[in-house]
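Visitor: Could you take me through this model one feature at a time, with the criteria behind each term stated as we go?

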Amino acid sequence: MLVPSLAPAQTMPSQDPGLGAGSIGGTAGLGWRGDAALAPAATPLGNAILGDRTPDAAALKATAPDADVILPARDTGDAQDQAATVLADSMVLQGDRTLIAAGGVVVWYQGARLVASRIVVDGASGDLTIEGPIHLSRPGAADPDSEAILIAESGQLDRELQDGIIRGARLVLARELQLAARELTRTGNGRMTNLRYVIASSCQVCASNPTPLWEIRARSITHDAETRLITFDRPQFRAMGIPLAAAPFTLTAPDPTVERRTGFLRPEFRTTSGLGFGIKLPYFITLGDQADVTVTPYVSASRTRTLEMRYRQAWSRGVTEWNGAVSRDDIEPGGTRGYVFGNALIDLPRGYRLGVQVQVASDRGYLLDYGITDADRLWSGLTLDRVTRDKLFFGRVGNYRSLRDDEDNSTSPAQVADVIWQRRFVPHYIGGQALMEWSVHAHRRPSDRDRAGRDMARASVGLDWQRSEILPFGVVGAALAGLDADIYRIAQDSRYDDLVARADPTVGVELRWPLIGGRDGATHMVEPVAQILYSPHGNDDDIPNEDSRLVEFDEGNLFSDNRFPGWDAREGGLRANLGATWTRIDPTGWSLALTGGRVLRADPERAFPTGSALSGTSSDWLVAAQYDSGTGLAIANRALIDDNLSLSRNELRLGWLRDDLQLSAGHLWLDGEGQDAGLPDVSELAANVGWQIRDGWWGRAETRYDFVADRAQRASLDLTYRNECLTVDMGISRRFTSSDSVRAETSVGLSLRLGGFGAQEDLPGTVARRSCMR
């Protein structure tokens, strides 16, 4: 059963509800440890079949519900099975069967452990009179860290070590929250614990500094071990001993073991240059084990009135999440602004999965003003996919909406449909590996104007085959063949025929010579590769190029028969892909890899822009290097160099991961004239870093700088302080870009969470834990 593992809403400030470990779709968390990722702090690449740069939907995750297992009572047979075990320095049994144990007394009974200096067991009732210091716990529990620990000076307990009266008591919940009281009473077979004249805090208290950072005082506090709720009677909140707030009524809060419960989440204070100072106060509502709603009023001083909502639900074969907000503000006086983002994933029979996505916004400025997303294109529609060992099916139909000022939605493809089917198999008579693909695509522009409103539909079939054999001296030879055929239906463009068909065969051979050797414990691997391909030049001029306008040249497609990313354009002619790779693996754990190569042609490929890296009879040289220290540092660089040793493109990426540092940075330099006439040069730096400033302090910074324009595009700095009882998040960000509908903005945020109420979230960095020892 799929049930959202939704973290608790709480009556005390707490973290936002997170999602569980299992997932249906979505992207898993960043598994940094043990990875050699070049960008450990960057957003991981998705696995979408078609990348359209629209914002990602919320990662839908679910987990199995907690199961209460009741085992049948066993037949004890012997009364001794219910007896307690007592260890002590001395024990005296009196005539009325009263037992007196003294000196290092330890009692084990039904999973509970009692440590005291002296106990007296009444022979008639079995009740215990205990002299402290007393320590009562359940070390044999399934999760002893989440169990309550009782520490006291003296008390009386029944023979079950559950109910009774304790004096000078301290109750420690999940090793986080301490409740100190003059007197403690336990009833209901240990379920209800009532403390009178009590102080609650999760902060360290020392004899030299007896005042905690924060504390809650109350006439009485009751802890229900079954519901895991703490009830405060007329509580008073103090910070550093100074009363700050009080309530003349009863309040409840979850104990540290609770992961999901109706109540308020921690408030968030936010100040932006567009909206002014404001506060968010989320309220989390559970709707059973399978659903919840989070309602967040957002009020800013005379500038905005916003209501945000999030709804999540899971079923046995599906899960969904919907986020939205509606606002009235001074940015657009008198107008109503808002957005709705929703998605769902449903498991169907035979391994199929249905996806539903809705993305609607009143304007792009709203998404930026309220910190929702910086995406400038939205997509809503349906998807259906199925992936097995040798087959893939993917289909989608939906609508795009651009939020860019320089894009007209009436002349951009709005309604788009795609279907892709692939199957990998082994031919019976010729052997090798073959891949068959069927695909259908259609898109429509709302405009009815000629050329600007062009609509198009395509049906394609492709077949690729490859067979490899090991030749003398360890050379690996391969024969390659392929056939791609398309039929196009083009409407509302007088430059093209209404119906166009084409077929493009490809044949080729490939030689690889993998060599391996070693010296001084290091392993060296060298592999030169030569690939010769031929396919006739097609009639691409008869087909508008809609999906292959941006062409990359890197290690991933150096040995490819077609470097165009889509279907509308294909490489043709006689060409040779040449390259070599050298890798060194050191026994100490670090490795270095170098790759170089280029493409040679008998005739230039007209589809590539003049002056680009792939134009002419010979491409630029591709040179790439990768270094992995094996201890968290990774560096990669890729460059395109022409015969005059001039760079047309260079990309540098750096990732460094340590316990106290998470760094991800990259610089891209691109010669605009070398890519396409009229395009500007590109020189951008993007970096984000998280580092341990000092014990308890974690910093995060992010920037994106455009060296051509000589200005930053965005920058942010966030600080988090954590000790054993408090978490404070502070942040400031600045977006420098502006347009007719979007203006530059500065945003400042602050949130605070008290420890000990509800489950803690896992954050990077250390926790500043104070010690009473000098």
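The questions and answers below go from the overall make-up to single residues.

Visitor: How many helices and strands does the protein have, and how are residues numbered?
Guide: This is a predicted model, in which local features need pLDDT of at least 70 and side-chain atom pairs count only at pLDDT 80 or more, while totals for chains, interfaces and linings use all residues. Residues are numbered from 1 along each chain as its sequence is written, and side-chain values use heavy atoms, with hydrogens and water left out. Helices (H or I, at least four residues) and strands (E, at least two) are DSSP runs numbered from the N terminus, and by that account the protein has two helices and 43 strands.

Visitor: What share of the residues counts as buried?
Guide: Buried means under 20% relative accessible area, exposed means over 50%, and partly exposed covers what lies in between, with a 1.4 Å probe and protein chains only. Applied to the 774 residues of the protein, the buried share is 40%.

Visitor: Which residues have the most contacts inside the largest nonpolar core?
Guide: A nonpolar core is a set of buried Ala, Val, Leu, Ile, Met, Phe, Trp, Tyr and Cys residues joined through side-chain atoms within 4.5 Å. One of the residues with the most contacts inside the largest core, L179, touches residues that include A169, L195, V198 and I221 when those up to four places away in sequence are not counted, a contact being heavy atoms within 4.5 Å. That core has 40 residues, and those with the most contacts inside it are L114, I119 and L179.

Visitor: How is the aromatic pair of F269 and F277 arranged?
Guide: Rings of Phe, Tyr and Trp (its six-membered ring) pair if their centres lie within 6.5 Å, and planes under 30 degrees apart count as stacked, over 60 as edge-to-face and the rest as tilted. A search of the whole structure finds 14 aromatic pairs, and in this one the centres are 6.3 Å apart with 15 degrees between the planes. F269 is partly exposed at 30% relative accessible area, and F277 is likewise partly exposed at 48%. With that angle between the planes, the pair of F269 and F277 is stacked.

Visitor: Which residue of the ring cluster is also in contact with N323?
Guide: Ring pairs link Y298, Y339, F341, Y366 and Y370 into a cluster. N323 is found in strand β21 (residues 318-329), and a polar contact of 3.0 Å joins its side chain to that of E321; such a contact is a pair of N or O atoms within 3.5 Å, where within protein one must be able to donate a hydrogen and the other to accept it, and residues adjacent in sequence count only if both atoms are side-chain atoms. Leaving aside neighbours within four places in sequence, the contacts of N323 include M309 and V340, and from the cluster Y339 and F341.

Visitor: At what distance from the ring centre does R182 lie over the face of Y197?
Guide: A charge sits over a ring if NZ of Lys or CZ of Arg is within 6 Å of the ring centre and within 35 degrees of the ring normal. R658 lies over the face of W656 at 5.0 Å from the ring centre, and for R182 over Y197 the distance is 5.0 Å.

Visitor: Is A478 buried or exposed, and how far in space is it from L511?
Guide: A478 is in strand β29 (residues 476-491) and is in contact with residues including Q466, S468, G508 and V509, leaving aside neighbours within four places in sequence. Because its relative accessible area is 7%, A478 counts as buried. A478 and L511 are 33 residues apart in sequence, and from C-alpha to C-alpha their distance in space is 6.5 Å.

Visitor: Which side chain makes a polar contact with that of D224?
Guide: D224 is found in strand β10 and is buried, with a relative accessible area of 10%. Not counting residues up to four places away in sequence, D224 touches R191, M192 and L229. The polar contact, at 3.3 Å, joins the side chain of D224 to that of T227.

Visitor: What is the phi of M240, and where does M240 lie?
Guide: Most residues other than glycine have a negative phi. M240 is exposed, at 59% relative accessibility, and lies in the loop between β12 (236-239) and β13 (242-246). Although M240 is not a glycine, its phi is positive, at about 55 degrees.
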